Structure formats: structure tokens, C-alpha cells
Amino acid sequence: MKQFKLSQVILASFVLLITSCINNKEKVYENSADIPVSREMTAELTSPPNVPTPVGRRKAKKLMVSMEILEKEGTMTDGTTYNYWTFGGSVPGSFIRTRVGDEVEFTLSNHPDNKLPHNIDLHAVTGPGGGATSSFVAPGHSKTFSFKTLNPGIYVYHCATAPVGMHIANGMYGLILVEPEGGLPPVDKEYYIMQGDFYTKGKTGDPGLQAFDMQKAVDEKPDYVVFNGKMGSLTGDNALTANVGETIRLFVGNGGPNLVSSFHVIGEIFDKVHVEGGSTINENVQTTLIPAGGAAIVEFRVDVPGTFILVDHSIFRAFNKGALGMLKVSGEENKTIYAGVVQEGIYHPEGGTIQTMPNNGKANVEESTSEKSLAEKMESGKKIFMQTCFACHQAEGQGIPNAFPPLAKSDYLNADVNRAIGIVLKGKTGEITVNGAKYNSVMTAQSISNSEIADVLTYVYNSWGNNKTNVTTSQVDKVRSGK
Ligand code: HEC
Ligand SMILES: [Cu+2]
């Protein structure tokens, strides 16, 4: 009897536990201002391209954010430095991750070695100046203010001290995320990217410490348009990474101060875009506009391996001013989704015949005809150069400093002909040194035939003081087929 009673008690308490679990579903508050906060919690802050741990199902908290303003010299590009003003030591500033209903207690400290007063305007704040008036702080001081996060979304913060444009132009911006109740849906990888335009006394790539140029800023003529504060912040070894099959979420902001970004990832389609960082989700987007002082959340699944290039599709900014990053995806190929070159053809419009050849490089149609004379190759090579290479490497092969390496008197070119063939065939990324200058950019694979590659490289090698190598079609065949 006693035993029976005990088991009844256990059963009853079990039922109670379950019902209380079901009833314990978070109460829905119509007004975010009414969400109660439990306990204090120190916010995790991260520098780009990293973001803090997702909020998940955590309750609203009193969230302590402590941020230090640092004015410090940093690298804009190889050989060029700039005096950045930063929130937390990085451009963009530290990423802040909150949820709706958090009560943020924000302490802003201005390092004693800094020269100027600063403040912070967070677009996630409902209140005068987004916090700017309460956070104005002189070097060697700190200020604390607090606010409650009412609206979910991804928001820009920036310095709003006069001259505001100058403080922003020097790198004083970042992102604060306010997650909805229950958090954003989980993904495999999350990254933090922010575009900014910079104005320097010298031209793009001029060496040394470059001062801010107020007139260029007023004229909206930047020398640099970059992701995460400098050229190359997301290329080469700094590239973002992912594996085939993973879902990616990018928090993309635009600090400006002036330009609007046409954010695009070459070779990807955004499955979802939280338009302007708000609650509207658009699907299947190629390019999304990110206003100065605005942000978006971009999500996509990576299905095939390769290097995907992140750009501002106002494309001179990408290839000439720095707004270029990389996402390197590794894993298995999927030939159904992307097959690569399936067939390569020679197109004769006059004759109306299209001769095709398999892509293994063996049965090259032109191989049956005898190799052309040097003069013929020079003539054909020059044409191909002016159609295909000239835009980047320039008419006299002189290149463009800091963007496109020279082919004229290029020690890199002259050192290794097979490497040069490989570059034209497969493209090239990563840092290279040509005639003592570093380049870290992207040359895409050139889709021209083996004999055309032989001709254009022969032309390049026999022009502008190069070593007069005569490149043959069979040499290109060998490189294409991997010997
Ligand atoms: C869209 C711009 C672009 C085009 C078009 C282009 N290149 Fe390049 N090329 C580059 C860039 C950028 C690099 C440096 C890549 C890096 O930093 O890793 C490069 C590097 C090279 C190099 C090795 C570096 C050197 O200076 O010796 C060779 C050789 C070369 N390209 C040849 C060619 C030839 C030949 C063509 C035409 C068939 C061509 N490129 C078309 C942008 C381009
Ligand atoms: Cu400031």
C-alpha cells in the first residue's frame, strides 16, 4: 500500500513537471519594452570577420558592453598606412550581439593616448542621438549609458562627433545585432563584413602614412573602397572559409561615409536576404543594396567548391580600390550543379562551321596544322592581347600599380614559362611579387584556346624587354593536361 502510494506520487509529480514544461513556453510580450530582464551578463565582443555566439533561447538579460576607443596606425595596403580611429581596435568595430528585450549597459572608454573626444550613435537605440548625447567622452574618460533593445534586426553604430563625416571616414563604425525571441535560425558559418570608403592625400597605393583628405571626402572621391578596413582583409590567407553543403550567414554593413554598396558574391545566389537588415526576407537575390549607415543579413548554402569573390558590384571599386574579398569553399565537386568547361570550340562565323574539340587537350584541331611562324604568332598574339589582356595589364604591358602586375620586363613572367601558361589557363590568386612589388589580387582563367594562349604569350615574351621565349601549342597542351 505504501509502495503504491509512493509510485503514485512519483507519477503525479512527473505529470506536473511535464505540464509545467509545456506551460513554461516563453510569454509573448506585445511590447518589447515590457520584457523583463534576468541577471547580468557580460557581452562577448568580437573583431571582424568573427561574430559572437548566437543568443539561441536565452532570456533577455542586463547585458554589460564595454568598448574602448583606440586611435591607432594600421595598414591600408602593403606599404601604405593610415591613422584609424576605432571602436575596440578594429575597423569595423567590435560586433555586439544582443536579443530583443536586453537592457544594454554600455560603457564607452576613450583611451588616454587618444587625441580627440568621441561618442557612439547606435541605430539599435530608441532615444536621442541613438546614445550619442549620453556617450560623448574625452580622452582618458569613460561614460556609461543604458538602453533597451526593442526591434530585432542588424544595425550600424558609428561615432557622431563633429566633424561626423571625418570620424566615420576614419573607421568609426560597426554592427550591433538584435536577435528576435528564440534567436535567428541556426546556420553552419557566420561572418561579419563591413564596407567603408577612405580618402587619402595620396593616390590609391601611394606608399607611407597617408593623411585624411577632407576635400576628396566632400567630393565623394575615395581612394580606397574596402571591406573590413583595408585592402586584402578577406583575400588570400585571410579569406573566409566554408565546406560544401554548409549554410553561410553574412552580416554585411556599410559604414560609408559616402558610398552605397551593391553587395554581390560572384558565383553565388543569396537564398535569403534580410532586406536593409529588417524583418522582410527576400529570396533568390543576386546583388543587394546596402546603404551608407545600413546593413543586411545575407544567407546562402554553398553547393560546389571553389573561390567565390565578394565584391561591391560597382566594379571599379572591387578591382581598383579594394572592395574585394574571398570565400574559399572546399569539398567534393558536384558536376550536376557546375560542370566546368564541357566543350571548347573554335568559332568561324564566315564559314558558318563550328569546329569543336574535346577539352583534354589531346585532340587539338590546330595540332594537325603545322606550328605558325614567329611573325604569324606575333600578329595573332597582339590581337588576342588587345582583346583579352590589355584591360588589366595595359597596352605596353606596364600594368597598374597595386592592382595589375606588369608583364613588361616582368621577372616573374621570365622566370617560368610553364607557370605563366598555367596562370592564363587557370587564373591566379594569392600574393605574388613582380619586380619587387607585391600584388594580391585575382586574375580569372582566360577562356581562350591552346594555340591562342601560345600566341599571346609568345607576343608578351617577345615584347617590352622580355626574354623572347617562343611558346608552342604543344607546350600549352602539356600544361593543360597536367603533362
Ligand atoms: C581581369 C584582369 C586581368 C586580365 C584580363 C588578365 N590578367 Fe593577368 N593578372 C591579373 C592579376 C590581378 C594578376 C596577379 C594575380 C595575383 O595577384 O595573384 C595577373 C597576373 C598575371 C601574370 C603573372 C604575373 C606577371 O606580371 O608576370 C601573367 C604572366 C599574366 N597575368 C598574364 C596574362 C595574360 C597573358 C592575359 C591575357 C590572356 C592576362 N594576364 C589577362 C589580371 C588580369
Ligand atoms: Cu569619433
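Visitor: In which sense do β14 and strand β22 pair, and over how many bridges?

Guide: In this predicted model, β14 and β22 (residues 324-330) pair in the parallel sense, over 4 bridges. One residue pair can be named there: Asn243 stands opposite Ser330 in β22.

Visitor: What is the strand order of the sheet with β14 in it?

Guide: The order is β14-β22-β21-β16-β19. This is an open sheet of 5 strands, and its pairing is mixed.

Visitor: Which strands stand at the edges?

Guide: Those are β14 (240-243) and β19 (287-290). Each has a single partner strand, so one side of each is left without a neighbour in the sheet. On average, neighbouring strands of this sheet are turned by 20° against each other, direction ignored.

Visitor: And the open sheet with 6 strands, what is its order?

Guide: That sheet runs β13-β11-β15-β20-β17-β18, with mixed pairing. Its edges are β13 (224-227) and β18 (281-285); each has a single partner strand, so one side of each lacks a neighbour in the sheet. Here the average turn between neighbouring strands is 20°, direction ignored.

Visitor: Do β17 and β18 run parallel or antiparallel?

Guide: They run antiparallel, and 4 bridges join β17 (residues 270-274) to β18. Within this pairing, Lys272 has Glu283 in β18 as its bridge partner.

Visitor: Let us turn to confidence. What is the mean pLDDT?

Guide: The mean pLDDT of the protein is 89, and 89% of its residues reach 70 or more. Two stretches fall below 50. Over residues 19-24 the pLDDT is below 50, and this stretch has 0 contacts in the model beyond near neighbours in sequence. Residues 351-368 are also below 50 in pLDDT, but this stretch has 29 contacts beyond near neighbours in sequence.

Visitor: How should low-pLDDT coordinates be treated, to be read in detail or not?

Guide: Where pLDDT is low, the predicted coordinates should not be read in detail.

Visitor: How many helices and strands does the protein have?

Guide: There are 11 helices and 26 strands. Of the 483 residues in the protein, 40% are buried. Among contacts with a separation of 6 or more, 69% are between residues 24 or more positions apart.

Visitor: Which strands pair with β3?

Guide: Its partners include β1, β6 and β4. Strand β1 (residues 38-42) is joined to β3 (residues 61-77) by 4 bridges and runs parallel to it; Met41 stands opposite Leu63 in β3. The pairing of β3 with β6 (residues 103-110) is in the parallel sense, over 8 bridges, and Met67 has Leu108 in β6 as its bridge partner.

Visitor: And β4, parallel or antiparallel to β3?

Guide: β4 (residues 80-87) runs antiparallel to β3, and 8 bridges join the two. Glu71 stands opposite Trp85 in β4. The two strands form a hairpin with 2 residues between them, and Gly79 in the turn has a positive phi of about 85°.

Visitor: Where does Val178 lie?

Guide: Val178 lies in strand β10 (residues 173-179).

Visitor: Why is Val178 classed as buried?

Guide: Val178 is buried because 23 other C-beta atoms lie within 10 Å, and the cut-off is 20 or more. Leaving aside its neighbours within four places in sequence, the contacts of Val178 include Thr98, Arg99, Val100, Ala124 and Tyr155. Val55 is 123 residues from Val178 in sequence, with a C-alpha to C-alpha distance of 9.4 Å.

Visitor: Switching to helices: how many residues of α10 are buried?

Guide: 12 of the 12 residues of α10 are buried, so this helix is largely enclosed by the rest of the structure. Among them are Asn450, Glu452, Asp455 and Tyr461.

Visitor: What span should α10 have?

Guide: At 1.5 Å a residue, the 12 residues of α10 (residues 450-461) should span 16 Å. The end C-alpha atoms of α10 are 16 Å apart, which agrees.

Visitor: Which residues are buried in α11?

Guide: In α11 (residues 473-480), the buried residues are Thr473, Val476, Asp477, Val479 and Arg480. Seen down the axis of α11, they fall within an arc of 165°, so they line one face of the helix.

Visitor: Which residue with a positive phi follows α11?

Guide: That residue is Gly482, whose phi is near 65°.

Key. Residues are numbered from 1 along each chain as its sequence is written. Chains are lettered from A and ligands numbered from 1 in the order in which they are written. This is a predicted model: local features need pLDDT of at least 70, side-chain atom pairs count only at pLDDT 80 or more; totals for chains, interfaces and linings use all residues. pLDDT is the predictor's confidence in each residue, from 0 to 100. Two residues are in contact if their C-beta atoms, placed from the backbone, lie within 7 Å. The arc is that of the directions from the helix axis to the C-beta atoms. Two strands pair if DSSP finds at least two bridges between them. Axes are lines fitted to C-alpha atoms, for helices over the stretch in contact, and angles run from 0 to 180 degrees between N-to-C directions. The expected span of a helix is 1.5 Å times one less than its number of residues.
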